[in-house]
Amino acid sequence: MIRNGLMTLMLMLMIPWLCCGKVMDVQGAPESVVWVVQLSDLHFSVHHPDRATDFTSLVGPALSMINPSLVLITGDITDGKSKDLLTTKQNEEEWVEYRTAMDNVIKRSGLDKTAFFDLRGNHDNFGVPAVGGAFDFFSKYSINGQLGRAGYLNSVTLQTADRKHLFVGVDTTMSVGVRGPTNLFGHPTDQLLSDLDMELSQWDSQSKQPISKISFGHFPLSFSATSHSGKSLKDIFLKHSVSAYLNVHQLSSDPPVNCSTDAPMANEFWEWEMGDWRKSRAMRILAIDRGHVSYVDVDFKLGTKKTIILPTFPLDSRLMSTSSSRHEYECHAAGPVSYDAIRALVFSVSPLVTVTAMIYDTRPGYLSLVFEGPMIKLEHNTSRGDLYFAGWNYRAFEDPSPDRYWLQIEATDFMGRSTLSDLRPFSVNGLSTKLSWTWKEFVVMGCQWAALYYPMMWCVVYFLLMILLIPKALLIFSSKHFTYKSKGLLNFIGWVSQELCRVPLTWYGFLVYLFYLVLFPWFIGHVFTDGKDIGYMTYMGWVVKSFNEDGKHEYVGSPDVMVVVLPHLLFVVFPAILVSGALAAEKHIYREHVLSLSGKKEDDPDQEGRRSLWYGYQGSRKSNSCVGDRWIRKVLLVICLAICGKHFMSCGVLIKAYEMNPIINFPVYSLTIPLVVAYTVYRTRRNV
């Protein structure tokens, strides 16, 4: 019994150490600063060999100059697309190219291979039925795969004399990777979030040193789904006071996102997206200086960089954690020495002659230089990089405005070449500058699309059912009908919908089609790289055969299927219903116009009289060419062609993406709308 108690105690003591990732002691000066490099969205492609060529020629020398402690490659390593961008599947040749490029970069950089961490993006998961399977080339050719870093989580701790810096990489790609375009979101599971929770807390009870926590992944939070229990990455990051979450996925230059709650001071973190390598040739250097996190983005589109400047203090007021920075300022939690000097990392291939710090005041309405001082390099016997500092009276720059003062640093090498850092606002008070977004940035980064998908879809479906059913009910049960002679937008929509009801086959066609989209599969296609296994897609996702032991079918790819579902409902079904109703309404106006010219009643049963009416109308059509020439109908026919063209283009994309036959694999989806619209055009033709 005593033995069992001792064994239990030993296991309890060992568990924290067993869950800890690798620990790397950072040797050499500057001891107070560590820095890492982030690269993302390389998209190596057999159709674009310049991406790998530029990567090898530019990144290797740059890493040699920067000498980072870690290099983080955050997903979309290969492109996985055909030349026309329509077919998505794994291409082993691209992965071989990545392995070769990384071997060259590691050799030219002089860094140890263990300093490199890579993880999957959605492109690296296109058509991969199971991790570790024949088409999981990431496990075979990636750095993590070669070094045996298995699993969806990998962490490393950079340890200096006075602080720990924990980096945790999280892979939230689908466990069953279907082809694109319905492979877009991150899908953290409850197990993954539980493991991430444990990974981020590994030092909480063991170390008296302060800890800075950084997480990195591929998917931004706006494109990350919740787990089955409703938990999210954001919940875990807030719980552990993560300084920043590094990722990239959508835009090439997204603004940073501050994720915070109204809870206590520490419950906030930054989500930092960066530009991709594919188009922007971008690289990010991130530094942690006594807990202060900052970064600079390097643009290689114009070639190599001779000098790179990264100010580490004071922080850019657009990128600081408001509550923690304010707390440090008021309580000097980071120590007075943290505030007594302007500091910057300067990386250069040539010896530097001068480094100068300049502070500008914007209150006069222009940039007025109020401080200029030389920066001195921190000397040490063993150095990992050059940290420059300049003394200043930080209290002279206290101000209630977070963007009154702006910092810029200039470095000049022995050849006379001058390099300026970007101007950045700062606030020693710990106040944060509000960021403004463009509409595109807000749509991509400000909306939680995983949470919006089902509300948006059902709102559209219910709205379409309303414009079909309510006018029909009024026609049947009410004597009050909509008319084009009444004013108002709602009356106009009601009248158009009511006229649609007078074309029964069209009305029933749209109604049945809506129920079909909700109750039945949209199409059947090949979802994996090998092209053997097929699945069928509904609005809830793809139904595929699972590759675990039970072999049951499961839903995957929700809310990823929204890229097919919402455009079809909003840009095909909805306009098709409206234009069909408009055709019926135009026919009604035209009919009334013709009858009014002859004095006939609308319900005149004399068919022979109607034929003579038409021939008699030909001579008087000039009296109202607007209606008589039916130019409105001609415009509506052009709109019909546009709707059908958009639909057939979407069908063409799906045919290529999932290797489908439109007649065999999705006849209802591909043909219903064109056939119903064509029938409506026929039923509303010229006869009176």
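Count two residues as in contact when heavy atoms lie within 4.5 Å. On that basis, residues 24 or more positions apart account for 72% of the contacts in the protein chain with a separation of 6 or more. Keep in mind that what you're looking at is a predicted model. The protein chain has 688 residues, and buried ones make up 52% of them. It holds 18 helices and 25 strands.

Let's start with a sheet. Five strands form an open sheet, and reading across it you meet β4, β3, β2, β11 and β12 in the order β4-β3-β2-β11-β12, with mixed pairing. The edges belong to β4 (116–119) and β12 (292–299); each has a single partner strand, so one side of each is left without a neighbour in the sheet. From one strand to the next, the twist averages 20 degrees.

Now for the pairings inside that sheet. β2 and β3 run parallel and are joined by four bridges, with Leu39 standing opposite Ile73 in β3. Towards the β12 edge, strand β11 (residues 282–289) pairs with β12 in the antiparallel sense, over eight bridges. If you want a landmark there, take Ile285, whose bridge partner in β12 is Val296.

β3 deserves a second look. In a regular strand the side chains alternate between the two faces of the sheet. For β3, Leu70, Leu72 and Thr74 sit on one side and Val71 and Ile73 on the other, and all are buried, so both faces are covered. That makes five buried residues out of five for this strand.

What lies across this sheet? Helix α2 lies across β2 (33–39), β3 (70–74), β4 and β11, and runs at about 175 degrees to β2. Angles over 145 degrees count as roughly antiparallel, so α2 and β2 are roughly antiparallel in direction. Helix α3 (residues 92–109) also lies across part of the sheet, over β3 and β4, at about 155 degrees to β4.

Stay with α2 (residues 50–66) for a moment. At 1.5 Å a residue, its 17 residues should span 24 Å, and the end C-alpha atoms are 23 Å apart, which agrees. There is a bend along the way, though: α2 bends by about 25 degrees at Val59, and a proline, Pro61, follows within four residues. Val59 is also among the buried residues of α2, along with Phe55, Leu58, Leu63 and Ile66. Step just past the end of the helix and you reach Asn67, which takes a positive phi of about 55 degrees.

Next, move along to another group of strands. Strand β5 (residues 153–159) and β6 (residues 164–170) form a hairpin with four residues between them. The two pair in the antiparallel sense over seven bridges, and Val156 has Phe167 as its bridge partner in β6. β6 also pairs with strand β7 (residues 211–216), this time in the parallel sense and over six bridges; here Lys164 stands opposite Ile211 in β7.

How many of the residues of β6 are buried? Seven of its seven are, so the strand is mostly covered. Lys164, Leu166, Val168 and Val170 point one way, His165, Phe167 and Gly169 point the other way, and all are buried. Note that Lys164 and His165 are on that buried list too.

A smaller detour takes us to Gly145, which is found in helix α5 (residues 143–146). Is Gly145 buried or exposed? Neither label fits: Gly145 is partly exposed, with a relative accessible area of 27%. Leaving aside residues up to four places away in sequence, Gly145 touches Phe138 and Ser139. Gly145 and Phe117 are 28 residues apart in sequence, yet 9.8 Å apart in space, C-alpha to C-alpha.

Finally, look at a pair of helices further along the chain. Two packed helices are described by the angle between their axes and the distance between the axes. Helix α11 (residues 449–477) and helix α12 (residues 489–501) pack at an angle of about 75 degrees, with their axes 8 Å apart. Angles of 65 to 115 degrees count as roughly perpendicular, and α11 and α12 are therefore roughly perpendicular to each other. On the α11 side, the contact is made by Ile467, Leu468, Pro471, Lys472 and Leu475, while α12 contributes Gly494, Ser497, Gln498, Leu500 and Cys501.

Terms used:
Residues are numbered from 1 along each chain as its sequence is written. This is a predicted model: local features need pLDDT of at least 70, side-chain atom pairs count only at pLDDT 80 or more; totals for chains, interfaces and linings use all residues. Side-chain values use heavy atoms; hydrogens and water are left out. Buried means under 20% relative accessible area, exposed over 50%, partly exposed in between (1.4 Å probe, protein chains only). Two strands pair if DSSP finds at least two bridges between them. The expected span of a helix is 1.5 Å times one less than its number of residues. The bend at a residue is the angle between axes fitted to the seven residues ending there and the seven starting there. Axes are lines fitted to C-alpha atoms, for helices over the stretch in contact, and angles run from 0 to 180 degrees between N-to-C directions. Angles under 35 degrees count as roughly parallel, over 145 as roughly antiparallel, 65 to 115 as roughly perpendicular and the rest as oblique.
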